[in-house]
Amino acid sequence: MTIKRYGTGQTGAGKQPLPFARAVEANGWLYVSGQVAMENGEIVGGGIIPETRKTMENVIAILKEAGYGLEHVVRVGVWLDDPRDFWSFNGVYAEYFGEHPPARACVQSSMMVDCKVEIDCVAYKAP
C-alpha cells in the first residue's frame with residue numbers, strides 16, 4: 001500500500017510548526033485533518049458564517065491538491081464552539097454539499113485555537 005502525505009512542515013498560529021499532515025492518502029482514501037478558518041496563520045473574524053465559509057474553502061483546497069472534490073467526501077466531522085451557532089453553520093454547510101451530503105457527526109467542543117468551527121473529512125476515490 002502506498003501512503004502519500006500532503007502539507008507536512010506547515011506552520012499554524014504564531015508560526016508554530018504543525019506536527020501533522022494536512023491530509024494523508026492511502027488506497028483511494030483521503031483523510032483530511034481538522035481545518036479551521038485560518039488564513040496566513042490567523043483566524044478570520046466575523047462570526048460563524050464567515051468562519052464556516054473559510055473553513056470549507058480550506059477543506060476544498062486540500063481535497064483539490066490531492067485530486068479529490070466534495071463529491072468524493074463520504075464522512076465529515078464538525079466541532080462547534082457554541083451550540084447556538086448550529087443552525088447558522090448548517091445553512092452554510094448545506095450550500096457546499098447540496099443534494100448529496102456525506103455522513104456527518106457534529107458536536108460542541110472547546111477549541112484549541114480561538115475559532116468557532118473545525119471540520120475534518122474522509123474522502124474516497126477508487127484507485
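Helices and strands are runs assigned by DSSP, where a helix has at least four residues and a strand at least two, and both are numbered from the N terminus. With that in mind, and remembering that what you have open is a predicted model, begin with the whole chain in a cartoon view, where there are two helices and eight strands to find. If you follow the chain along its sequence, these elements come in the pattern β-β-β-β-β-α-β-α-β-β.

**The whole chain**

Keep the whole chain selected for a moment and turn it slowly. Its C-alpha atoms fill a box of roughly 40 × 40 × 20 Å, taken along the principal axes. For 127 residues, a compact globule would have a radius of gyration near 14 Å, and because the chain has 14 Å, its value agrees with that expectation. Buried residues make up 41% of the 127 residues, and among contacts with a separation of 6 or more, 68% are between residues 24 or more positions apart. If you switch on the surface, you are looking at about 7300 Å² of exposed area, of which carbon and sulfur atoms supply 52%. Colouring by charge brings out 12 positive and 15 negative charges, whose mean positions are 5 Å apart.

**Two loops with positive phi**

Select Asn27, which sits in the loop between strand 2 (23-26) and strand 3 (29-35). Its phi is near 50 degrees, a positive value in a residue other than glycine, and Asn27 counts as partly exposed because its relative accessibility is 45%.

Now move along the chain to Asn40, in the loop between strand 4 (38-39) and strand 5 (42-43). Here too phi is positive in a residue other than glycine, with a value near 55 degrees, while the relative accessibility of 69% means that Asn40 counts as exposed.

**From strand 5 towards helix 1**

A few steps on, select Val44, which lies in the loop between strand 5 and helix 1 (48-65). Which residues is Val44 in contact with, once its neighbours within four places in sequence are left aside? They are Ala37, Glu39, Pro50, Glu51 and Lys54. You can also draw a distance from Val44 to Val117, for these two are 73 residues apart in sequence and 11 Å apart in space, C-alpha to C-alpha.

**Helix 2**

Next, show helix 2 (residues 86-97) and select Val92 within it. Is Val92 buried or exposed? Val92 counts as buried, because its relative accessibility is 3%, under the 20% that sets the limit for a buried residue. Beyond residues up to four places away in sequence, Val92 touches Ile49, Thr52 and Arg53. A second distance to draw runs from Val92 to Val59, which are 33 residues apart in sequence and 14 Å apart in space, C-alpha to C-alpha.

**Strands 6 and 7**

Turn to strand 6 (residues 73-80) and pick out Gly77. Gly77 counts as buried, because its relative accessibility is 4%. Not counting residues up to four places away in sequence, Gly77 touches Ala105, Glu118, Ile119 and Asp120, so it is helpful to display these four side by side with the glycine. Gly77 and Pro101, by C-alpha positions, are 13 Å apart in space and 24 residues apart in sequence.

Then select Val107, in strand 7 (residues 103-108). With a relative accessibility of 40%, Val107 counts as partly exposed. Apart from its neighbours within four places in sequence, it is in contact with Val78, Trp79 and Leu80. The C-alpha atoms of Val107 and Leu80 are 6.2 Å apart, although the two residues are 27 positions apart in sequence.

**The cysteines**

Finish by displaying the cysteine side chains. A disulfide is a covalent bond between the sulfur atoms of two cysteines. How many disulfides are counted in this model? The count comes to zero. Why is Cys115 not bonded to Cys106? The sulfur of Cys106 is the closest cysteine sulfur to that of Cys115, but it is 13 Å away, too far for a bond, since a disulfide needs the two sulfur atoms within 2.5 Å. Cys121 is likewise in no disulfide, and its nearest cysteine sulfur, that of Cys106, is 15 Å away. Both of these residues can be checked against the surface as well: Cys115 is buried, with a relative accessible area of 4%, and Cys121 is buried, with a relative accessible area of 3%.

Conventions:
Residues are numbered from 1 along each chain as its sequence is written. This is a predicted model: local features need pLDDT of at least 70, side-chain atom pairs count only at pLDDT 80 or more; totals for chains, interfaces and linings use all residues. Side-chain values use heavy atoms; hydrogens and water are left out. The radius of gyration is taken over C-alpha atoms; the globule rule is 2.2 Å times the number of residues to the power 0.38. Buried means under 20% relative accessible area, exposed over 50%, partly exposed in between (1.4 Å probe, protein chains only). Contact means heavy atoms within 4.5 Å. Accessible areas come from the Shrake-Rupley method with a 1.4 Å probe; for residues, only the protein chains shown count as cover. Lys and Arg count as positive and Asp and Glu as negative; His and the chain ends are not counted. The place of a charge is taken as NZ of Lys, CZ of Arg, CG of Asp or CD of Glu.
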